[in-house]
Amino acid sequence: MTEATSSRSRLAAAGALIALVAGVGGYGIAQLVGHPTGALPAAQGAANGGRKPLYWLDPMVPAQHFDKPGKSPFMDMQLIPKYADDAGSGNDAPGIRIDPAATQSLGLRTVAVRRGPLSSSLTATGTINFNQRDVAVVQARAAGFVQRVYGRAPGDVIGAGAPLADLLVPDWAGAQAEYLAVRRTGNTVLAQAARQRLALLGMPPGTIAAVERGDRPHNVVTISTPTGGTIKTLGVRAGMSVMAGQSLAEINGLGTVWLNAAVPEAVAGQLRPGQSARAVLAAYPGETFNGRVTAILPDVQAESRTLTVRIELPNRGGRLKPGMFATVSFGGNATPALLVPSEALIRTGKRTLVMLALDKGRYRPAEVQTGRESGDDTEILAGLSEGEKIIASGQFLIDSEASLSGVAARPIGSATSATTPEASAKPSPALYETTGRIEQITGNSVTLSHEPVPAIGWPAMTMTFALAKPSIAQGLKTGDRVRFGFDQPPAGPTVRRMAKVAGR
């Protein structure tokens, strides 16, 4: 055998040996990988305590359920199992369960639904206007001629008694001369009748007194302003003639001004005449002007859907000028209400939810009907009971998990009190709250003219409610304005609580 043939034989043998080693190595790797892979289901089963899944689902499409494991037809991922106790302690305890340690790491904070006072925090914008109730009109009491004017012009600010013009009244001269002649005769009765005639001709008492003091006629009278303020109109000029009853000037007082604020019609029902208000003007930053609501005008602006609320403000020193811009906030006595932190609400656009904190680490969304807001609190009209616990921070994480798990929100009207275990086990009827005026009280009923109840679709109307206990109406009388809560048992609407509030 030649050297070349021997070399080729050695190379062939080496190649066969490498192939054999590779095959054995591949078999060994396959065996090492195959054992863990085959043991994974058993490990998972042990980790789940031998529980049997109810179904499998794709977490991105939780509404679709599958009866066996496999790959999701929607996403490139494996289906995950859903067990009977993943949503709570059973079918009778809806909700999702979160480990207490995870609760701390998520930063969840729970608060109790409470009953407390809720004050108004409504704000609006408006402009300063003249007080149209403080207007004086200056007229000529007799026909005559203007002899002199005193340099007044519209817009001037003048005091009470400021002269406007001197008016020559020819008709007065003859009557005054006749009065003086009769007065000299000493006939008291005739003199009194002649004096009365002067008053009937429109002579001011001061002019008559001047005639008596000087014992001569005074047929030139000075027209002056009865009150102080600003001249809105001035219709008297030198040399002109005037007729009896002709308007010479119009004076608008400046002691008080009106702030006409535009309030959205959706919240205008919270306001009442006599309610306090505070205004801040751009002209005086940092300074507050206090006033009160004097009227809520009856017409609505169709373009902006706002009502005009009139606030009267004192105008010390005449600092408030008509046309100035102002921001006004309306105050009022606080009324009792069921309150939750505003940050606890989940607003979806179609409904409002809160996340209930149940027992044994369970959580469930609940639908609520909200009312007024003030500061950091929001009024709950329906959907919760006093004492129930809700999540105030971190609720969006729990709500996302509840949506993935298919947990339905508790509907309005299913609220139960959670103050005690006994109370949580026994459902209590939902209470609806509104404000009204007492029309009549009897031993076991009360007739109320109440505002709308949006939670159940009631409009404003007058109706009779049963009283759960006669003591509820203790200390109240016909005409009182009250805030009351009622439910609707089979026997009919029944008032469960009632408290007097300010306003008429």
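At 35% relative accessibility, Asp215 comes out as partly exposed, a label for anything between buried (under 20% relative accessible area) and exposed (over 50%), worked out with a 1.4 Å probe on protein chains only. Asp215 sits in the loop between α5 (205-214) and β12 (220-224), and its phi is positive, about 55°, although it is not a glycine. Helices (H or I, at least four residues) and strands (E, at least two) are DSSP runs, numbered from the N terminus.

Some ground rules before the rest. This is a predicted model, where local features need pLDDT of at least 70 and side-chain atom pairs count only at pLDDT 80 or more, while totals for chains, interfaces and linings use all residues. Residues are numbered from 1 along each chain as its sequence is written, and side-chain values use heavy atoms, with hydrogens and water left out.

**Backbone oddities**

- Most residues other than glycine have a negative phi.
- Arg305 has a positive phi of about 55° and is not a glycine.
- You'll find Arg305 in the loop between β18 and β19, where it is partly exposed with a relative accessible area of 41%.

**The β17, β18 and β19 run**

- Strand β17 (residues 276-281) runs antiparallel to strand β18 (residues 288-301), with 5 bridges joining the two; strands count as paired if DSSP finds at least two bridges between them.
- Across that pairing, Arg278 faces Asn290 in β18.
- The hairpin of β17 and β18 has 6 residues between the strands, and Gly286 there takes a positive phi near 85°.
- β18 is also antiparallel to strand β19 (residues 306-314), this time through 6 bridges.
- Arg292 has Glu312 in β19 as its bridge partner.
- Between β18 and β19 the hairpin has 4 residues, and Arg305 belongs to that turn.

**Two open sheets**

- One open sheet has 4 strands in the order β8-β15-β13-β10, paired antiparallel.
- Its edges are β8 (135-139) and β10 (157-158); each has a single partner strand, so one side of each is left without a neighbour in the sheet.
- β10 is joined to strand β13 (residues 229-234) by 2 bridges, running antiparallel, and Ile158 stands opposite Gly229 in β13.
- Another open sheet of 4 strands goes β12-β11-β9-β14, again with antiparallel pairing.
- There the edge strands are β12 and β14 (241-242), each pairing on one side only.
- Strand β9 (residues 144-149) pairs with β14 over 2 bridges in the antiparallel sense, and Phe145 has Ser241 in β14 as its bridge partner.

**Strand β25: Asp377 and Ile380**

- Asp377 belongs to strand β25 (residues 377-382), and so does Ile380.
- The side chains of Asp377 and Arg114 make a polar contact of 2.6 Å. That term means a pair of N or O atoms within 3.5 Å; within protein, one must be able to donate a hydrogen and the other to accept it, and residues adjacent in sequence count only if both atoms are side-chain atoms.
- Leaving out neighbours within four places in sequence, the contacts (heavy atoms within 4.5 Å) of Asp377 include Arg114, Leu339, Val340 and Arg372.
- Ile380 is buried, with a relative accessible area of 2%.
- On the same basis of skipping residues up to four places away, Ile380 touches Leu338, Val340, Leu345, Val368, Gln369 and Thr370.
- Ile380 and Val340 are 40 residues apart along the chain, yet their C-alpha atoms are separated by 7.2 Å.
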